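This report concerns backbone geometry and aromatic contacts. The sequence and structure are shown below.

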Amino acid sequence: MIKRIIDQKQIARLKQLLEHATKAVITCHISPDGDALGSSLALCRVLMNMGIDAKVITPDSVSANLQFLPGAKDIVDGNRYSDYARTLFCDADVVFCLDFNAPSRIDRLATALNASKSPKVLIDHHLDPADFTDVTISHPEMSSTCMLLFRVLCRLELFDLIDKTAAELILAGMMTDTGNFAYNASDPEIYIIVSELLKKGANKDMLYKRLFNTFSESSLRINGYALAEKMELFADEHAALTTLSREELNRFHYSKGDTEALVNRPLAIPEVVYSCFLREEDGYVKVSMRSVGDFPVDKLCSEYFGGGGHRNAAGGEYRGSLDQCAELFRSLLKRNRELYIDKSSTEI
Ligand code: 5GP
Ligand code: MN
């Protein structure tokens, strides 16, 4: 048995909403990862198994490496089909917001979400949820939204409606947000849930191959180039910075998702406590940070790079040039060392 952690009032309210629902919409954060998509598609699947007409709307397109997820082809790209997305939001009896904590995280889709009068339900594991939903199930101590969703479904007495496909989608998100159970994965209950998902037929080995060990040629080459030529190490500050400009991305035929795991790579060096990857986009710089131990990259991202996230995995967007953004990161190195590094908790 797993512990009951979700407030009964929220569960009762959600149950009530579902009793009367015939149409549901589910949305998740921009540039959706395996947890955002896994949780959205799994919930969609279970709702359809209940006889509810459910649709997933994403703020932008799904990256090529995640197109294999069952149901991904039926997702409505809210950026491309904004009028349709707006109609779906308004016509839904219930709107689910998964794996994000504030409307700003769904980019332009926020206008459609805010315009909708439908009751809204948040199921998420990011810190500090904004007050924009009627039912709020926020548990930052959960390593993935998928794991939280599994608990929500059990509390709604919908365990039996989690079929093999839904189980695989939930497992996909749990694996994504823990790096295949490499971090944030010490909670023994994770493995009780994994065991239930495997019993339902989820194919873990296939998911590992597709999520962690499938790369296009361009992806392999661009990551090789970035590590060999572009990774800067700051030994005294225990930091790494990797940047890729638009010109470099084009030269390697970059497509979305190709640099997804790059920011983690410098953390393999024992001296590196935090790693930053900057990718030049049109008009802004996408910032990604990862850390080990107590170093809070979410603070760094929210204070200086217009973003946020989790202590060990965060991101943001910087309005300015790639060089300016890299310079800002370098200028913070000394200060970060004094402010954040807790030497007792990181072996360096
Ligand atoms: P990634 O580096 O993979 O893009 O993002 C890692 C985590 O950081 C995400 O799961 C999300 O929680 C957070 N994150 C990434 N980009 C942003 C952003 O622009 N704003 C905020 N608030 N969080 C972000
Ligand atoms: Mn997540």
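## A charge over a ring

A charge is taken to sit over a ring if NZ of Lys or CZ of Arg is within 6 Å of the ring centre and within 35 degrees of the ring normal. In this predicted model, lysine 200 lies over the face of phenylalanine 159, at 3.9 Å from the ring centre. The ring of phenylalanine 159 is partly exposed, because the relative accessibility of this residue is 27% and the class covers values between under 20% (buried) and over 50% (exposed).

## Aromatic pairs

Eight aromatic pairs are counted when ring centres must lie within 6.5 Å. Phenylalanine 159, the residue beneath lysine 200, also takes part in one of these pairs, with phenylalanine 150 as its partner. Their centres are 6.1 Å apart and their planes stand at 90°, an edge-to-face arrangement. Phenylalanine 150 has a relative accessibility of 3% and therefore counts as buried, whereas phenylalanine 159 counts as partly exposed.

A second pair is formed by phenylalanine 181 and tyrosine 191. Here the centres are 5.7 Å apart and the planes meet at 55°, so the pair is tilted; the edge-to-face class would require an angle over 60 degrees. The two residues are ten apart in the chain, and the pair links distant parts of it. Phenylalanine 181 belongs to the loop between helix 6 (164-177) and helix 7 (188-199), while tyrosine 191 is in helix 7. Phenylalanine 181 is buried at 18% relative accessibility, and tyrosine 191 is partly exposed at 37%.

In addition, Tyr274, Phe295 and Phe329 form one aromatic cluster.

## Positive phi at two histidines

Which sign does phi take at histidine 238, a residue that is not a glycine? The value is positive, about 55°. Histidine 238 is found in the loop between strand 7 (231-234) and strand 8 (239-244). With a relative accessible area of 13%, histidine 238 is buried, because the class requires a value under 20%.

Histidine 253 likewise has a positive phi, near 55°, and is a residue other than glycine. Its position is in the loop between helix 10 (246-251) and strand 9 (274-281). Is histidine 253 buried or exposed? Its relative accessible area is 62%, so histidine 253 is exposed, the class being set at over 50%. Histidine 238, by contrast, is buried.

Definitions and conventions:
Residues are numbered from 1 along each chain as its sequence is written. Chains are lettered from A and ligands numbered from 1 in the order in which they are written. This is a predicted model: local features need pLDDT of at least 70, side-chain atom pairs count only at pLDDT 80 or more; totals for chains, interfaces and linings use all residues. Side-chain values use heavy atoms; hydrogens and water are left out. Helices (H or I, at least four residues) and strands (E, at least two) are DSSP runs, numbered from the N terminus. Buried means under 20% relative accessible area, exposed over 50%, partly exposed in between (1.4 Å probe, protein chains only). Rings of Phe, Tyr and Trp (its six-membered ring) pair if their centres lie within 6.5 Å; planes under 30 degrees apart count as stacked, over 60 as edge-to-face and the rest as tilted.
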